[in-house]
Amino acid sequence: MFLVFILLPSGKNIRKVIVLVLLVALESYENKRMMCPIYLLRVHFMTNWFPKWRPFTDDIDARPVGTTEYLPPAQSIMLGVQHAFAMFGATVLAPLLMGFDPNLAILMSGICTLLFFCLTGGRIPSYLGSSFAFIGVVIAATGFSGAGGINSNIGLAAGGIITCGILYMLCGFLVMATGTRWIEKLMPPVVTGSVVMIIGLHLAPATVKNVAGDQFNMWMSLVTILCMGMIAVFTKGMLQRLLLLVGLILSYLVYFIATNVMGYGTAINFLPVQQAAWFGVPAFHAPEFSMNAILIIAPVALILVAENLGHIKAVSAMTGENLDPHIGKAFVADGIATSLAGSVGAPGMTTYGENIGVMAVTRVYSTVIFAIAGVFAIFLGLSPKFGAIIQTIPTAILTGASIVVFGLITLAGAKIWIEHRVDFSTNKNLMVAAVAIILGTGDFALQFGDFNLGGIGTATLAAIFLNWLFSLADKK
């Protein structure tokens with residue numbers, strides 16, 4: 001129609017009349033539902049891909065807000081900001097432990113959450129943030145000390161994260177074609193529980209080493225653990241869900257008083273915060289594709305598959321809605337988001353359990369809320385001053401937080417065993433779990449020519465292979 005408009009005579013009245021006739025004809029064309037490809041594409045996209053959101057009119061105490069419902073704008077904005085803060089502690093802590101830019105991680109978490117929202121058709125309520133599953137493999141692949149600062153080998157990690165995202169995406173397409181039963185056979189609870197446990201145990205020695213020999217920092221690490229533990233045990237509701245964020249803030253205040261006020265230890269330097277601009281784009285890092293790093297990092301895709309599957313199942317149980325038809329799309333969306341994040345030097349992404357907890361507390365499962373949270377995170381990520389504040393977090397506090405996080409990851413593996421009632425009276429399960437845990441904790445790294453698989457990669461593949469091999473006895 002624009003081409004016709006350009007070719008029309010220059011008289012304004014003639015153009016107006018003809019354009020009006022064209023618009024009326026087009027409207028009539030659509031009303032008659034003729035086989036116009038553009039019309040059919042628009043109808044399919046609007047009616048089949050995205051749901052028809054409707055306002056929530058019931059009592060929230062009697063019935064939760066469904067995924068395709070929405071609340072008034074003011075309430076939606078407040079809930080969206082709350083979800084952004086719920087993910088904040090973990091999404092900031094993970095890049096700090098890997099040597100990534102936390103500002104870039106926050107920015108990409110917002111972008112990737114919006115991307116996930118669009119690619120899943122707004123049907124799955126999830127926030128995408130920095131995945132802790134990458135910490136161990138990134139440290140192993142890059143040789144980062146985990147003591148804060150910038151990782152000099154971010155490019156190597158980024159290449160591995162991109163490959164991991166592609167593998168994750170392919171798993172999603174496979175699920176869309178065949179369903180999820182093959183995942184349950186390939187990675188039953190005994191395998192996933194072992195792999196998750198390995199991630200936490202593998203990182204324990206390097207974490208404690210960051211403060212070893214410095215008594216002040218060791219005590220401050222214990223103070224951080226105490227602050228987070230008190231928030232986790234003695235509080236309830238939303239405050240309890242924000243234990244990482246609130247615990248970091250409390251321990252930060254204690255450290256500030258002990259160093260900047262009382263003169264103990266190394267004082268916090270706030271000069272970079274004063275010099276930082278309020279608005280700016282974080283620095284991007286180009287990926288480098290090393291087969292060694294790829295072999296170490298790419299297998300994390302299997303962990304992300306199991307993690308995301310568990311999150312979606314949990315949301316389905318809480319809402320009473322069947323989200324199984326959208327699991328494949330969720331895997332594809334998360335895989336694309338992970339590769340996108342890696343392409344600019346940000347950590348890999350995953351759906352966040354913290355935000356599932358927030359939904360359970362608020363009884364609001366509207367997917368619109370997560371789009372708002374993503375927009376808010378983008379604004380935070382575009383503030384260098386905000387990033388400079390994060391960079392002032394002392395090593396002692398990061399170490400204390402790491403001990404808590406890695407311990408929780410380890411116990412999350414045991415929780416998988418308990419929830420799925422893994423039978424350790426059978427020799428098959430005993431051998432799979434025992435061998436995998438020791439291989440991962442002891443960093444049993446296999447060498448293939450110039451390529452080092454790493455302890456976590458070796459343990460993951462060993463668990464999958466041994467489970468398959470020993471399952472042959474079950475068939476007999």
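Student: How many helices and strands does the protein chain have?
Tutor: The chain has 22 helices and six strands. Keep in mind that this is a predicted model.

Student: What share of the residues is buried?
Tutor: Of the 476 residues in the protein chain, 50% are buried.

Student: And the accessible surface, how much is there, and what share belongs to carbon and sulfur atoms?
Tutor: The accessible surface is about 22,400 Å². Carbon and sulfur atoms account for 70% of that.

Student: Take contacts between residues at least 6 apart in sequence. What percentage join residues at least 24 apart?
Tutor: That figure is 78% for the protein chain.

Student: OK, surface next. Which residues make the nonpolar patch of about 460 Å²?
Tutor: Ile166, Leu167, Leu170, Phe173 and Met176 make that patch.

Student: Where does leucine 170 sit?
Tutor: Leucine 170 is in helix H7, which covers residues 154-178. Its relative accessibility is 49%, so leucine 170 counts as partly exposed.

Student: What about alanine 177, is it buried or exposed?
Tutor: Exposed, because its relative accessibility is 64%. Alanine 177 also lies in helix H7.

Student: How far is alanine 177 from glycine 328 in space?
Tutor: The two are 8.3 Å apart, C-alpha to C-alpha. In sequence, alanine 177 and glycine 328 are 151 residues apart.

Student: Switching to threonine 338. Which helix is that?
Tutor: Threonine 338 is in helix H16, residues 327-343.

Student: Why does threonine 338 count as buried?
Tutor: Because its relative accessible area is 0%. The cut-off for buried is under 20%.

Student: What does threonine 338 touch, not counting residues up to four places away in sequence?
Tutor: Its contacts are Phe134, Ile161, Gly165, Tyr168, Leu304, Gly348 and Met349. Ile161 and Gly165 fall within the residue range of helix H7, 154-178.

Student: Aromatics now. How many aromatic pairs turn up in the whole structure?
Tutor: Four. One of them joins tryptophan 417 and phenylalanine 424.

Student: What is the geometry of that pair, tryptophan 417 with phenylalanine 424?
Tutor: Edge-to-face. The ring centres are 4.9 Å apart, and the planes meet at 75°.

Student: How accessible are the two partners, tryptophan 417 and phenylalanine 424?
Tutor: Tryptophan 417 is at 13%, so it counts as buried. Phenylalanine 424 is at 29%, so it counts as partly exposed.

Student: Alanine 433, then. Which residues is it in contact with, leaving aside neighbours within four places in sequence?
Tutor: Both members of that aromatic pair, Trp417 and Phe424, are among its contacts. Val190 and Ser194 complete the list.

Student: Which helix holds alanine 433?
Tutor: Helix H21, residues 427-441. Alanine 433 is at 5% relative accessibility, so it counts as buried.

Student: How far is alanine 433 from alanine 462?
Tutor: Their C-alpha atoms are separated by 9.9 Å. Along the chain, alanine 433 and alanine 462 are 29 residues apart.

Student: Back to tryptophan 417. What separates its C-alpha from that of threonine 192?
Tutor: A distance of 8.7 Å, with their places 225 residues apart along the chain. Threonine 192 lies in helix H9, residues 189-209.

Student: Is threonine 192 buried or exposed?
Tutor: Buried, because its relative accessible area is 9%. Leaving aside neighbours within four places in sequence, threonine 192 is in contact with Met187, Ala306 and Ile416.

Student: New spot. What lies over the face of tryptophan 278?
Tutor: Lysine 385, at 5.1 Å from the ring centre.

Student: Where is alanine 388?
Tutor: Alanine 388 is in helix H19, residues 384-391. Its relative accessible area is 11%, so alanine 388 is buried.

Student: What does alanine 388 touch, not counting residues up to four places away in sequence?
Tutor: Pro272, Val273 and Ala276. Alanine 388 is also 9.0 Å from glutamine 275, C-alpha to C-alpha, with the two 113 residues apart in sequence.

Student: Last one, asparagine 103. Which helix?
Tutor: Helix H5, residues 102-119. Asparagine 103 is buried, because its relative accessible area is 4%.

Student: And which residues does asparagine 103 contact, leaving aside neighbours within four places in sequence?
Tutor: Pro282, Leu380, Gly381, Ser383, Pro384, Phe386 and Gly387.

Note on methods:
Residues numbered from 1 in each chain as written. Predicted model: local features only at pLDDT ≥ 70, side-chain atom pairs only at ≥ 80, totals over all residues. Heavy atoms only, no water. Patch = residues over 30% accessible without salt bridge, like charges linked within 9 Å, V, L, I, M, F, W, Y side chains within 5 Å. Areas by Shrake-Rupley, 256 points an atom, 1.4 Å probe, with all protein chains shown as cover. Salt bridge = Lys/Arg side-chain N within 4 Å of Asp/Glu carboxyl O. Helix = DSSP H or I, 4+ residues; strand = E, 2+ residues; numbered from the N terminus. Buried < 20%, exposed > 50% of the residue type's maximum accessible area, 1.4 Å probe, protein only. Contact = heavy atoms within 4.5 Å. Phe/Tyr/Trp six-rings, centres within 6.5 Å; stacked < 30°, edge-to-face > 60°. Lys NZ or Arg CZ within 6 Å of the ring centre and 35° of its normal.
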